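Here are my notes for your first look at this one. Keep the viewer open and follow along point by point.

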Amino acid sequence: MVAALIAFICIFCSVFAGWVAPTNPFDLAQLELSDARLPPAWLEGGTGKYLLGTDDQGRDILSALIYGARISLVVGLASVIVSVAVGVSLGLLAGFRGGWLDTVLMRLCDVMLSFPAILVALLIAGVGRALLPNAHEGLAFGVLIISISLTGWVQYARTVRGTTLVERHKEYVQAARVTGVAPMRIMLRHVLPNVMGPVMVLATIQVATAIITEATLSFLGVGVPPTSPSLGTLIRVGNDYLFSGEWWITIFPGLMLVLIALSVNLLGDWLRDALNPRLR
Amino acid sequence: MRTLTLRLSLTALAVLSAWSAQAVTLRVANQGDALSMDPHSLNESLQLSVVNNVYEPLVTRGRDYKLTPALATSWKQTAPTVWRFELRKGVAFHDGTPFSADDVIFSYERAAGDGSDMKGYVGQIKEIKKINDHAIEFVTKTPFPILPELFTGWMMMSKKWSEANQAVKPVDRRKGIENAASFRANGTGPFRLRERQPGVRTTFSRNGNYWGKIEGNVDEVVFTPIGNDSTRIAALLSGEVDVMDPIPVQDVERVKSNPNLKVMQGPELRVIFLGMDQKRDELLFSNVKGKNPFKDARVRKAFYQAIDIETIKSRVMRGAAVPIAQMFPSQVRGYAPDLAQRLPYDVEAAKKLLAEAGYPSGFELKMNCPNDRYVNDAEICQAVAANLAKIGVKINLEAETKGTYFPKILRRDTSFYMLGWTSSTVDAHNVMYPILSTPGEGGRGMFNLGAYSNARVDEITTAVGSETDDKKRNTLIREAIKIHQDEVGHIPLHQQALLWGMKKNIELVQWPDNIMPWKYISAK
C-alpha cells in the first residue's frame, strides 16, 4: 500500500511536473547563477525559494528531482515496452516454431547474457552517438531507450519461450490446430494471452532495473544532455562537490532514485502475488 | 624476540630508505592526457607540458621564466632578417644519435609541413641554412626581433629516428593520422619516455646522459590522467599522487587545510574566450538558414553583453579567475592598460542589439565545449547557455572530452566554441598572429577557428612582428586591440588561475604558461 502510494505520488508529480515543480529546471532562461549551490531551506544560508537547495548552475534541486524523475520514468517505461515487444515476439517465435530458429535465437540470448547489461548499453549508446553526431536532443533519448531495451529483451524472450513450450503441447492448442487455425493465429490469439502473466510481473520489476540503468548511463555521461539532467546526471554533478561539503546536490537525487526503484519493485511484488491464483 | 623484531624492522627501514634514496618516483595527475607524444602534433599546453620534458627546443626558459639557452648555446642577429644560432655540442638523443644541424633542418620541415600544429612557431622563417654541423642560419620573411622567444615552442626531433620509424610527418588527429611518434619518443630532454598507455598511464625515467644538470632529484615520473574532479582530489588526499593539476576550485580550501598538502596558486597567462563562426554564409549548427547571424557585429556584441562574467567568477570559478577585456592578460607584452574595461553586462542592451540585428526573439545554436581541458570548462559553458537563454538564444550544449573536442573544432566543425590561449612568447604577437589574424599561410590565423577577419588587424600583426621600437609597437598593438574589441571578434571571458596541489615535501617550479618542468622538481 505504501509502495503504491509512493509510486502514485512519483508518477503524479512526474506527469504534472509543470504544475507541481516550483520552477522549470530545463528552461535555461529561469536559472539564476547567482543562486548556485545554496543549501536546503532548513540549513544556514538556505532560502524558502529552494526547499532542497540548488546545484552548481543555480537549478532548484526539488524541481530538478521532479523533472528528473519524469525522465527516469519515461525512459524506464519506454524501454521496458520496447524490450517486452521484442522479447515476447522473439520468445514466442522460438518456442512455437522450434527447430533451428529456436536454436539461433536462444544462442543469441546466451551471448547477450554473457555480457554485463551496462556494458552492452554503453556500447550501443556510444555507437549510436557516433553515428548521429549532430543528433537533436530528442534523438539522444531515442538512443538511450533503444540501448537499454536492447539489453533487456533477453529475459522476456527466455521466459516466454519456456511458457510457450509448455503451452503448445496443451490440448487447446492441439484442438485449434486440428480445426485448421493458421499457426500465426494460434500464436497470437491462443498462446500469447496465456504467457503474458509472468511477462507482466517481470516487466514491472524490469522498470526499476531500466530506471537504474538509465541513471548509470547518465552518471557515466552518455545519457541525456547536460542541460536537461536526469537523476543520474544530477548525482554525477553532485559527486564533484562531495568533498567540499555541498552534499545535497548528490544525496537528494540518490534518495529519489532509491525511492522510485524501491516503490516500483514493491509494486511488482504485489502484482506477482495478485496475479498468482495459488496465493489467492 | 623483541630485539629481533626491532632489528628486523630497523633493517627493513634502512633498506626502504636506501631504496627511496635510490629511486624517487613522482606521480603526477592531470584532468586529461597528452593526446600524443609527438611534439609537433598539437599546440596544447598539457601536451607541451608533458612532451617538453622529453623533447627540447633551441631556446627555453629557466626557473625564473627568462630565456635561457637549450639546444642552442648562443644566437645573434647578424642582419635585420638574418639570425645565426650556435648549436650545443656533445648532445645526444635518447637513442644515442648525436644532435646536429641536420636535425634542426629536419625539425623545421616537419613543423612547417603538412599536419603540423606548430606552423606558427616557424612561420616567420623564409630560409634555413646549415653553416656547419653546429651552426645554423635563419632568414626571416621580415625583421622579427622576438624569434628566440618564438622558438621556445619548437621542439627538435631526430632525423634518423623519424625516418627509421616512419614518423617524418606529424601525427594529425584532425585526420586521424597516427604514427610511431604518437607512442614512442626520442628527444634530447632530461626525461625519456619509458611506457605509454594512452589515457591510462605514461611513465618516464630520468635521462642519465642529459647534457645539462638536472637540478631536481626525480628518477621516475608516472603521469596519470584522472578526469573526474572528485576522484582526482581523492587521489591527492589519500597520497596516491604527489602532484596534481588542477585542483577543482571547490576543493582548494580542503587541500589547504590538510597538513600534508599545499596549494600553489599563480596567475596563468591563459585567457579563456568564446569564438564565433564569422566566415560561412550559413552557420553549420543553427536554425537560422540562408544567413550567418555572427557576421553581424551587433549579434556578437549582444552575446558578449548577455554574459554575466562576475557571477561566473564568483559562483563557477569561486574567485579563481580574473575577468578580462582583452585576448591576453596584463603580464603579456603589449597589453593596453587603458582598454581593460569589459563591455558592461546588460541583458536589456543585449536584447535590443539582437532585435536591431533582426532576431527579436533570438535563435537556436549549438555550442561546443570541452569538459576536461580548462578549469570548470563545461560549467562555464552551461552558465553561458543559461545567460544567453535570457536574451532568447537557445543553446544546444555539446560538452565532450578533449580527445574528440579538439580535432572537431580544429577542423572548424563548429559555430560557437570555447578555447583558451596562452602566449608562449609572453608577447602580444603570439596571440595576434594565430588568433586574431585572417587564416592564411604559415600558421597565420591557425587557431582563429571562427575566421574573424579585419584587414587592418592583419596589417598591424605583420608590422608588430618586425617593429623593434617598443613605443611604436605598443601603439600599433593597442590599435588592433581596440578594433578587435569594437567588433567583438571573440568574446574574452577570463584569465584563469593556476591551482596545483601537491604534497608538502615537493618543491617545484610553476611556469605561468601552465607547463611543469620536471627537471626542477625535488621531493624531500
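**Notes on the two chains**

1. Start in chain B, where E5(B) and strand E7 (residues 135-140) pair in the antiparallel sense over five bridges. One pair to look up is Trp83(B), which stands opposite Phe138(B) in E7(B). Keep in mind that this is a predicted model.

2. Now look at the other neighbour of this strand. Strand E4 (residues 72-79) of chain B runs antiparallel to E5(B), and six bridges join them. The link between E4(B) and E5(B) is a hairpin through two residues. Two bridge partners are easy to find here: Trp75(B) goes with Phe85(B), and Ser74(B) goes with Glu86(B).

3. Zoom out and you get an open sheet of four strands in chain B, in the order E4-E5-E7-E6, with antiparallel pairing. Which strands sit at the edges? They are E4 and strand E6 (125-132) of chain B, each pairing on one side only. Neighbouring strands of this sheet are turned against each other by 20° on average, direction ignored. As a reminder, strands of a sheet pair through backbone hydrogen bonds, either parallel or antiparallel.

4. The sheet also has a helix on it. Helix H3 (residues 101-112) of chain B packs there and touches E5, E6 and E7 of chain B. The direction of this helix makes about 165° with that of E6(B).

5. Go back to E5(B), residues 82-87, and check which way the side chains point. They alternate: Trp83(B), Phe85(B) and Leu87(B) point to one face and are buried. Val82(B), Arg84(B) and Glu86(B) point to the other face and are not buried.

6. Elsewhere in chain B, have a look at helix H15 (residues 429-436). How many of its eight residues are buried? Eight of the eight are, so to speak of H15(B) as mostly covered is fair. Among the buried residues are His429(B), Met432(B), Tyr433(B) and Leu436(B). The buried residues of H15(B) pack against helix H4 (119-122), strand E16 (416-421), helix H16 (455-466) and helix H17 (470-487) of chain B.

7. Chain A is another story: 10 helices and zero strands. Its C-alpha atoms fill a box of roughly 75 × 45 × 30 Å, taken along the principal axes. Of its 280 residues, 44% count as buried. Among the chain A contacts with a separation of 6 or more, 69% come from residues 24 or more positions apart.

8. For a helix pair in chain A, try helix H3 (residues 61-97) and helix H10 (residues 248-275). They pack at an angle of about 40°, with their axes 10 Å apart, and the crossing is right-handed. On the H3(A) side the contact includes Ile61(A), Leu65(A) and Gly68(A), while H10(A) brings Trp248(A), Phe252(A) and Met256(A), among others. By class, the contact has nine nonpolar, two polar and no charged residues.

9. Last, where the chains meet: the contact takes 23 residues from chain B and 19 residues from chain A. On the chain B side, helix H8 (229-237), helix H11 (309-316), helix H13 (377-389) and strand E15 (394-400) each supply at least two residues. The largest share there, seven residues, comes from H13(B). By class, the side of chain B that touches chain A has 11 nonpolar, five polar and seven charged residues.

How values were computed. Residues numbered from 1 in each chain as written. Chains lettered and ligands numbered in written order. Predicted model: local features only at pLDDT ≥ 70, side-chain atom pairs only at ≥ 80, totals over all residues. Buried ≥ 20, exposed ≤ 12 C-beta atoms within 10 Å, placed from the backbone. Contact = placed C-beta atoms within 7 Å. Axes fitted to C-alpha atoms, helices over the stretch in contact; angles between N-to-C directions. Left-handed = near helix turned anticlockwise from the far one by under 90°. Nonpolar A, V, L, I, M, F, W, Y, C, P; charged D, E, K, R; others polar. Pairing = 2+ DSSP bridges.
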